[in-house]
Amino acid sequence: MAVVFELKDALQVSSTDGTSENIAGFKGQLQYWHYNMNETKDVGWGCGYRTLQSMISWLRLQRYTSSPVPTHLDIQKMLVLSGEKSNDFVESREWIGTVEAGRVLQLHCNTDFRIIELPSGHDALKYDFVQSLILHFQNIGSPIMCGGTRDNISRAILAVKPSPKVKDTKILIMDPHYIATFKESIPSSDAPACLRFLFSKGWISWRSITMFSKESHYNLCCPIPNSTDEILTSGTNTLDNGCEQADVHVFQHFEITETGYDG
C-alpha cells in the first residue's frame, strides 16, 4: 500500500478534536513504506529500512533529490562501501538504525541530518524535547525517524500536538510494521480510503508522548535538505520558556535537559 499523502489528509481521518491550529508536522507529500513491499520479505528485520525509504520518498516528492528510493540491498551495499559495515552485511537480515539511515541520506541523497538524542524515554516528557520537535517541523518540515535500544522498533514521527501539560502531548506515528500479505483491495491512489484503513489498524496513529520507554535510549534522525541548512546555522532561537536553543550543526548529537540543549 504505497499510498502518497499530505499531513492534512491524515488529519482529516485521524481521531483529533477536529482542529489543527496547534499541530506542527511534516510539510508536503510522503509515501508510506512498510513490510513486504516490492516483493521483499523483511518481516522481523526490515522496519528501519522501511522508515528510511519513507523519508527518502519525502525528499523525492519535494524534489530535494532525484535519487530513486533504494532497495534493502542498495542500502546495505552503500553502508559497506562507505566503511560503516563489514562485507558480510550485504544480503544479511541485520537491522539498521537512525545513524546508518542518516549516512544513507548523505551518500544517496546528498542530504544532511542531525540526531536528537534522548538518554531515556523519560526525557521525552520535558518541554525542550517537545519544543525541538515543533521547531524542526516548522523550520525544516521533514518526517523524523525514531529508534531505540531496548525499544528497538523503528517508527516515523510525522507531527506533534503539544499540550500545556507535556505528558498530554500527542505525536503522530507512522509504523512500518504493517504486513502486506496479498494484493490490497484498496488502490493506493485512493489516499483517504488507505489512510482510514491504516488509522483503523493503528499503523498510523496519534500516541501519547509517554509511549517512549524509560528503560530505552533513543536517537531521532532528522533529515535536513540542503536548501534548509541556513535555517540551522543562522544563529540561536529563543524558546517560549526563555531558554536559548544552541546553534545546531549537521551531525550534532545533543541531549535534552531541564534547561535547554547541551551540545
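Is Phe212 buried or exposed in this model? Phe212 is buried, because its relative accessible area is 4%; buried means under 20% relative accessible area, exposed over 50%, and partly exposed in between, with a 1.4 Å probe and protein chains only.

Before going on, a word on the source. This is a predicted model, in which local features need pLDDT of at least 70 and side-chain atom pairs count only at pLDDT 80 or more, while totals for chains, interfaces and linings use all residues. Residues are numbered from 1 along each chain as its sequence is written, and side-chain values use heavy atoms, with hydrogens and water left out.

I will start with the core. A nonpolar core here is a set of buried Ala, Val, Leu, Ile, Met, Phe, Trp, Tyr and Cys residues joined through side-chain atoms within 4.5 Å. The largest one has 68 residues, and those that touch the most other members are Phe5, Leu52, Phe129, Ile157, Leu172, Phe212 and Leu220. Helix α2, residues 47-61, gives the most to this core, with six residues. As background, nonpolar side chains in soluble globular proteins tend to be buried together.

Now to α2 itself. Helices are DSSP runs of H or I with at least four residues, strands are runs of E with at least two, and both are numbered from the N terminus. Of the 15 residues of α2, 13 are buried, so the helix is largely enclosed by the rest of the structure. The expected span of a helix is 1.5 Å times one less than its number of residues. For the 15 residues of α2 that gives 21 Å, and the end C-alpha atoms are 21 Å apart, which agrees.

One residue of α2 is Gln53. Gln53 counts as buried, because its relative accessibility is 2%. Setting aside residues up to four places away in sequence, Gln53 touches Trp33, Val69, Pro70, Thr71 and His72, where contact means heavy atoms within 4.5 Å.

Next, the backbone on either side of the helix. Asn38 lies in the loop between β3 (29-31) and α2, and Glu39 is also found in the loop between β3 and α2. Asn38 has a positive phi near 55°, and Glu39 has a positive phi near 60°; each is a residue other than glycine. Asn38 counts as exposed at 57% relative accessibility, and Glu39 counts as exposed at 79%. After α2 comes Arg63, whose phi is positive, near 60°.

On to the aromatic rings. How many aromatic pairs does the structure hold? There are seven. Rings of Phe, Tyr and Trp (its six-membered ring) pair if their centres lie within 6.5 Å; planes under 30 degrees apart count as stacked, over 60 as edge-to-face, and the rest as tilted. Trp58 and Tyr64 form a tilted pair, because their ring centres are 5.5 Å apart and their planes are at 35°. The pair of Phe212 and Tyr218 is edge-to-face, because the centres are 5.0 Å apart and the planes are at 85°. Trp58 is buried at 2% relative accessibility, Tyr64 is partly exposed at 32%, and Tyr218 is buried at 0%. Ring pairs also link Phe129, Phe212 and Tyr218 into a cluster.

The last part is strand β6, residues 155-161, where Leu158 is found. Seven of the seven residues of β6 are buried. Two strands pair if DSSP finds at least two bridges between them. β6 has antiparallel pairings with β2 (residues 24-25) over two bridges, with β5 (residues 144-148) over three, and with β7 (residues 170-174) over five. Among the bridge partners, Gly25 goes with Ala159, Cys146 stands opposite Arg155, and Val160 goes with Ile171. A hairpin of six residues joins β5 to β6.

Which residues does Leu158 contact, leaving aside its neighbours within four places in sequence? They are Phe5, Gly25, Phe26, Leu30, Phe137, Pro143, Leu172 and Met174. Leu158 is buried, with a relative accessible area of 0%. The C-alpha atoms of Leu158 and Leu172 are separated by 5.3 Å, though the two are 14 residues apart along the chain.

To end where I began, with Phe212: among the residues that Ile157 touches, not counting those up to four places away in sequence, are Phe137, Leu172, Phe212 and Leu220.
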